[in-house]
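Please work through the exercises below with the sequence and the structure at hand. Each task is followed by a solution in steps.

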Amino acid sequence: TKLFDVWGDIIDLLLRDGKWTTLEHVVSLLHEADAVRPDLDEEHKQQVRALLDGFGRPARIKTIEAHLNQHPDGSTAGLSTILLLMRPDAVPGLCSLLANLASPAHQAIVAEALAILAKDNPEPLIKGLRDRRPAYVCHLLAILTKLKNSAFAESVEKLVRHPDTQVRKAVVLAIGVLRPSGDGLKLLSFMDDEEENIRIAALKLLISGQYSVSFSHWLPILSADTFGNRPISERRATFHAVGATCGDEAVPYWEGLLTAWSWLGRKKKEELAVLAAEALGKLGTPAAVAALVHGSKKGGATVRQACTHGLSRAQQRTRRNAPAAPSTDKEPQP
């Protein structure tokens with residue numbers, strides 16, 4: 001009994017000094033206690049279990065935190081094993097450890113352990129999303145993404161307007177994993193983001209064809225004065241995302257661009273018309289083809305040429321999707 005009390009003190013001392021590999025050896029000895037000493041009574045076996053289950057106590061997690069922050073370049077060999085010895089009820093303490101560590105390398109080790117231990121206790125991760133420290137929130141989002149539980153999607157989507165750029169990037173990635181299809185309205189929230197790369201990341205998901213968004217939700221974005229000032233690559237991606245999410249709903253809007261004429265802002269409107277013809281060609285539905293035919297007759301020279309290219313693309317798409325004709329070859333008669 002006294003010896004087991006000593007082992008508890010040894011564990012605390014090794015944690016304080018960051019002797020992770022030595023502590024691993026101590027743990028292996030404790031695991032072998034039953035085999036080495038078959039005469040242990042039930043009380044002693046309970047003491048062994050208490051020693052093994054005690055790594056996740058808040059005081060010990062604080063000891064680990066103090067050592068890691070005092071020795072940012074110290075060895076971490078064996079630390080991951082020590083963290084994984086903890087039970088799921090240690091997740092709140094490990095979340096606090098992750099938030100308070102200064103070294104990115106140390107944070108990564110704790111995050112890896114949390115990705116395993118939090119499977120059975122994810123609630124502290126969800127609560128942590130409300131934290132004001134962006135780096136900590138990004139770590140939590142990465143862990144939740146690894147867990148791939150769609151039940152987390154609603155909590156993650158609440159951060160689409162987060163003030164930190166890195167957090168919003170992580171949110172886009174997480175939505176793509178946790179909600180890989182369905183209603184794309186939350187992704188549409190990123191279309192007015194000040195960061196172009198965040199808008200593009202959201203557009204890539206919307207272009208995938210796995211999401212649906214009513215055209216009525218796209219129209220305010222397309223009609224905004226700022227839309228015409230965005231890079232042409234982004235406007236092209238936006239039109240393709242519109243086609244992928246609402247299909248023929250967008251055809252009247254694009255057809256209007258093909259036939260509109262105005263000296264005011266003519267170049268930008270012509271650019272949009274060309275992009276519209278491209279998007280209609282990619283959509284390739286009968287309604288899209290009819291709009292392209294109309295544009296090829298009523299639009300300006302540049303637009304007519306774009307409509308011709310769009311019709312060619314639509315025809316290629318139709319041929320690719322057409323079922324193969326049955327073979328007419330007959331088997332030779334014997």
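The exercises that follow concern a predicted model.

**Exercise 1. Overall form**

Determine how the radius of gyration of the protein relates to that of a compact globule of 334 residues.

*Solution.*
Step 1. For a compact globule of 334 residues, a radius of gyration near 20 Å would apply.
Step 2. The protein has 30 Å instead.
Step 3. The C-alpha trace spans about 95 × 75 × 30 Å along the principal axes.
Step 4. As for composition, the secondary structure consists of 20 helices and two strands, and 42% of the 334 residues count as buried.
Step 5. Among contacts with a separation of 6 or more, 67% come from residues 24 or more positions apart.

**Exercise 2. The faces of helix 1**

Check the span of helix 1 (residues 2–17), then establish where its buried residues lie around the axis.

*Solution.*
Step 1. Helix 1 has 16 residues and, at 1.5 Å a residue, should span 22 Å; the end C-alpha atoms are 23 Å apart, which agrees.
Step 2. Phe4, Gly8, Ile11, Leu14 and Leu15 are the buried residues of helix 1.
Step 3. These buried residues fall within an arc of 130° when seen down the axis of helix 1, so they line one face of the helix.
Step 4. Lys2, Leu3, Asp9 and Arg16 are exposed on the other side of helix 1.
Step 5. The packing partners of the buried residues are helix 2, helix 4 (42–53), helix 5 (58–70) and helix 6 (79–84).
Step 6. After helix 1 comes Gly18, with a positive phi near 65°.

**Exercise 3. The same check for helix 2**

Compare the expected span of helix 2 (residues 20–31) with the distance between its end C-alpha atoms, and locate its buried residues.

*Solution.*
Step 1. Twelve residues at 1.5 Å a residue should span 16 Å, and the end C-alpha atoms of helix 2 are 16 Å apart, which agrees.
Step 2. Trp20, Leu23, Val26, Val27 and Leu30 are buried in helix 2.
Step 3. Their arc around the axis is only 110°, which puts them on the same side of helix 2.

**Exercise 4. Core and rings**

Which members of the largest nonpolar core touch the most other members, and which residues form a cluster linked by ring pairs?

*Solution.*
Step 1. The largest nonpolar core has 102 residues; Leu83, Phe190, Trp218, Phe239 and Trp254 touch the most other members.
Step 2. Beyond its neighbours within four places in sequence, Leu83 contacts Ile64, Leu94, Leu97, Ile109, Val110, Ala113 and Leu117.
Step 3. Phe215, Phe227, Phe239, Tyr253 and Trp254 form a cluster linked by ring pairs.
Step 4. Nonpolar side chains in soluble globular proteins tend to be buried together.

**Exercise 5. Three single residues**

Are Thr238, His217 and Lys148 buried, partly exposed or exposed?

*Solution.*
Step 1. Thr238, in helix 16 (residues 232–246), has a relative accessible area of 2%, and is therefore buried, the limit being under 20%.
Step 2. Not counting residues up to four places away in sequence, Thr238 touches Leu203, Trp218, Leu222 and Phe227.
Step 3. His217 belongs to helix 15 (residues 215–223); with a relative accessible area of 39%, His217 is partly exposed.
Step 4. His217 touches Leu185 and Leu188, residues up to four places away in sequence not being counted. The C-alpha atoms of His217 and Leu188 are separated by 8.2 Å.
Step 5. Lys148 counts as exposed because its relative accessibility is 63%, and the cut-off is over 50%.
Step 6. Lys148 lies in the loop between helix 10 (134–147) and helix 11 (153–157), and its phi is positive, near 55°.

Key:
Residues are numbered from 1 along each chain as its sequence is written. This is a predicted model: local features need pLDDT of at least 70, side-chain atom pairs count only at pLDDT 80 or more; totals for chains, interfaces and linings use all residues. Side-chain values use heavy atoms; hydrogens and water are left out. A nonpolar core is a set of buried Ala, Val, Leu, Ile, Met, Phe, Trp, Tyr and Cys residues joined through side-chain atoms within 4.5 Å. Buried means under 20% relative accessible area, exposed over 50%, partly exposed in between (1.4 Å probe, protein chains only). Contact means heavy atoms within 4.5 Å. Rings of Phe, Tyr and Trp (its six-membered ring) pair if their centres lie within 6.5 Å; planes under 30 degrees apart count as stacked, over 60 as edge-to-face and the rest as tilted. Helices (H or I, at least four residues) and strands (E, at least two) are DSSP runs, numbered from the N terminus. The expected span of a helix is 1.5 Å times one less than its number of residues. The arc is that of the directions from the helix axis to the C-beta atoms. The radius of gyration is taken over C-alpha atoms; the globule rule is 2.2 Å times the number of residues to the power 0.38.
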